[in-house]
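Work through these exercises with the model open beside you. Try each task before you read its solution.

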Amino acid sequence: MADSAGIQQGSPAIGAAGLVPAAPGAGGTEGAAGGSARIAVKKAQLRSSPRPKKLEKLGVYSSCKAEGACKCNGWKSQNPPPTPPRTDQQSSTVNLQEPCRSCSHTLGDHVTHLENVSEEEMNRLLGIVLDVEYLYTCVHKEEDADTKQVYFSLFKLLRKSILQMGKPMLEAQESPPFEKPSIEQGVNNFVQYKFSHLPSKERQTIMELAKMFLNQINYWQLETPSQRRQRVPNDDAAGYKANYTRWLCYCNVPQFCDSLPRYETTQIFGRTLVRSVFTVMRKQLLEQARQEKDKLPPEKRTLILTHFPKFLSMLEEEVYSHSSPIWSQDFLAGASGGLIPIHTVISAPPVARPLYYSPSPVSVDPSTCGSVSPARKTASVLEPNPVGEKRKPSEPLPHEENKRPRVVGDIPMELINEVMATITDPATVPETSLLSAHSARDEAARHEERRGVIEFHVIGNSLNQKPNKRILMWLVGLQNVFSHQLPRMPKEYITRLVFDPKHKTLSLIKDGRVIGGICFRMFPSQGFTEIVFCAVTSNEQVKGYGTHLMNHLKEYHIKHDILNFLTYADEYAIGYFKKQGFSKDIKVPKAKYVGYIKDYEGATLMGCELNPSIPYTEFSVIIKKQKEIIKKLIERKQAQIRKVYPGLSCFKEGVRQIPIESIPGIRETGWKPIGKGKELKDPDQLYSTLKTILQHVKSHPNAWPFMEPVKKTEAPGYYQVIRFPMDLKTMSERLKSRYYMTRKLFMADMQRIFTNCREYNPPESEYYKCANLLEKFFYTKIKEAGLIEK
């Protein structure tokens, strides 16, 4: 990737904390390139000087070695050079017999310890000398007391290193790194956590953005503790000052004084530092990008003005979220409890680079206020600030799936990685046409979002803030769409709910106008959200917008820790909601929603339970990729077993039957004997096992409808519909009389209870739900007992 020219050399830092790192003591106006380059030139000139000139320079910082215990700590010339030095002045010859202005001993007496020192060691000491002089200037120029104190401490440290001819070692209670995981590792984790499912080209664009961010952190000029106290009075001043001091000593000053060990900011600091600078840094980066947009080529303009703001928004939520997994040291922990080696996705650039990078040739959707992220949209449906609600940081669940033990017989990860490399190669896998029968319902909508054709915004009315004209126009547009598409709903009722501050609407915007939306009301204390209206304008239907709308709504609610939807659907909407994962089997307890949700006559109550580990807007992409993986694995397996075996000749010899497993090649295909479960041959053991299972079933909270035979008075006509009734009391009697000689008889009777219930009762009834739940529990117990294979 070719580096591109960006900020001009010498451009000033932005305010107190700018893009270009300021040299120490330069007041924030000297660029890194200029400051460090001048020092490097001086060092090169001095190291190329004759040895006597070097001795003269080092003598200034060397204590007198003359007899009599002289206390002079540095040779001082009788004729000091003018300040500033004149350029036309000829270089004078060094005289080792020239006396010191302080102690009258010669220069040679001050440098006797350097007579047998190698040229390399002398050049190292000369480098420290120039760093000492530079820090001396910084101490006198610096106005901030905290910074001045650090400069002076480093000055004394380097001065002492020259006197003792040692290497400068910072004396501190802690040594780098100061926090784990580091910023660099956290950003690596962020890229893997949010974008690992993307195609390789789009993932490469994300990596470029991450490198850009890390580069800016490494060369960011932190504001001084006093400046921060004025800006954020209630902040942890002591903690910030400690990090600021460490940053000066290990990251900032060593950029210019290379005799000090230098570390990258992103490698020794972690979440605490990035939290303290992120807000200001993001604001100033985006502001500068907007100011310089006209100077950028078109491809850089897209990357910086469109993709970078979205990347920063998503990262901001992880930085300030209290439970983000990217800052966990156990991120990607394996089953053994140790850390799986993580191949670094991103590493901070070794040298300072401008903000602008050449992007990969890939289109990622444009950014607008509140629009949804192109890559991983879990935490990206933003509520615009004018609505009056501050965006809540996402709190994704930890990677529980990464902590699960691997199942025996799993496909080796090496093979999976090899197949993944094949299916993500655009040259080997043709892109699915949007008109293909195999394309997902929301594929066209997802492509339009990536191209910036459509946008999604969660909006609502507010009584606390000044109304935003654009938000109000969108709300009016939503009211019109709902009124037109839901003609049986009173227009006044629609208007009241759309503009009600307690209701919000996920709006679908195309070409600046509203074409659809989902109006909803959240009940966080009850753990569910009511969907009130859902509609897409008629001329934009059958394009996958409805599915994509619902997927965005699901991710928005996962971010807000609400995992259940309820809605009343009329006969025309039931089909749509079924496709979106809704069913008549309501998981929310009735006591939670009665009195909260609006009741509609002639409509069916439907519910949907969300899974927080599913990225719904990318779900169809993930499923498609999984299918491709399975297909490739099958092809590989078939390629391995294409051996042709000779035909079976045993039947000619009079054999009537052979075991399937004896057929040559049958096991190589992956065939396994059909699991029949373990049949307990000991009658007492079988009786004991079945009795335990039956007791568990009878004590289950959903077993109450099936405890005794159905009474004719309670269910007239039941026995005309159900010809072979069964209940738990009858099963207990049969078990006691040793009727169940095999597990199959016992399982058949239990299954008949559930089948009879579902045949007689409607799906929305309480009995029907109890049968489903109890059946699931029963088969769990049967598997635990080993009567059927798990």
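**Exercise 1. Two helices in contact**

Task: Find which residues of α14 meet which residues of α17.

Solution. Ala445, Arg446, Glu448 and Glu449 are the α14 side. Tyr545, His548 and His552 are the α17 side. Contact here means heavy atoms within 4.5 Å. Next, sort the residues of this contact by type: two are nonpolar, two polar and three charged. The classes are fixed: Ala, Val, Leu, Ile, Met, Phe, Trp, Tyr, Cys and Pro are nonpolar, Asp, Glu, Lys and Arg are charged, and the others, Gly among them, are polar.

A word on the source: this is a predicted model, local features need pLDDT of at least 70, side-chain atom pairs count only at pLDDT 80 or more, and totals for chains, interfaces and linings use all residues. Residues are numbered from 1 along each chain as its sequence is written, and side-chain values use heavy atoms, with hydrogens and water left out.

**Exercise 2. Geometry of the crossing**

Task: Describe how α14 and α17 cross.

Solution. Two packed helices are described by the angle and the distance between their axes. Start with the distance: the axes of α14 (residues 443-451) and α17 (residues 545-559) come within 7 Å. Then take the angle, roughly 70°. Axes are lines fitted to C-alpha atoms, for helices over the stretch in contact, and angles run from 0 to 180 degrees between N-to-C directions. α14 and α17 are therefore roughly perpendicular. That term covers 65 to 115 degrees; under 35 is roughly parallel, over 145 roughly antiparallel, and the rest oblique. Last, the hand: the α14 and α17 crossing is right-handed. Right-handed means the near helix is turned clockwise from the far one by less than a right angle, left-handed anticlockwise.

**Exercise 3. Helix length and burial**

Task: Check the length of α5, then find where its buried residues pack.

Solution. Helices (H or I, at least four residues) and strands (E, at least two) are DSSP runs, numbered from the N terminus. The expected span is 1.5 Å times one less than the number of residues. For the 20 residues of α5 (residues 145-164), that gives 28 Å; the end C-alpha atoms are 29 Å apart, which agrees. Now burial. Buried means under 20% relative accessible area, exposed over 50%, partly exposed in between (1.4 Å probe, protein chains only). The buried residues of α5 include Val150, Leu154, Leu158 and Ile162. An α-helix has 3.6 residues a turn, so residues three or four places apart point the same way. The buried residues of α5 pack against α4 (119-141), α8 (225-231) and α9 (237-252). Lys160 also lies in α5. Lys160 counts as partly exposed because its relative accessibility is 42%.

**Exercise 4. Unusual backbone**

Task: Locate the cis peptide bonds at Pro177 and Pro181, then the positive phi angles of Asp561 and Arg738.

Solution. Most residues other than glycine have a negative phi, and most peptide bonds are trans. Begin with the cis bonds. One joins Pro176 and Pro177, with omega about -5°. Another joins Lys180 and Pro181, also with omega about -5°. Pro177 lies in the loop between α5 and α6 (183-195). Pro181 is in the loop between α5 and α6 too. Now phi. Asp561 is not a glycine, yet its phi is about 60°. Asp561 sits in the loop between α17 and β5 (564-569). Arg738 likewise has a positive phi of about 60°. Arg738 is in the loop between α23 (728-736) and α24 (743-760).
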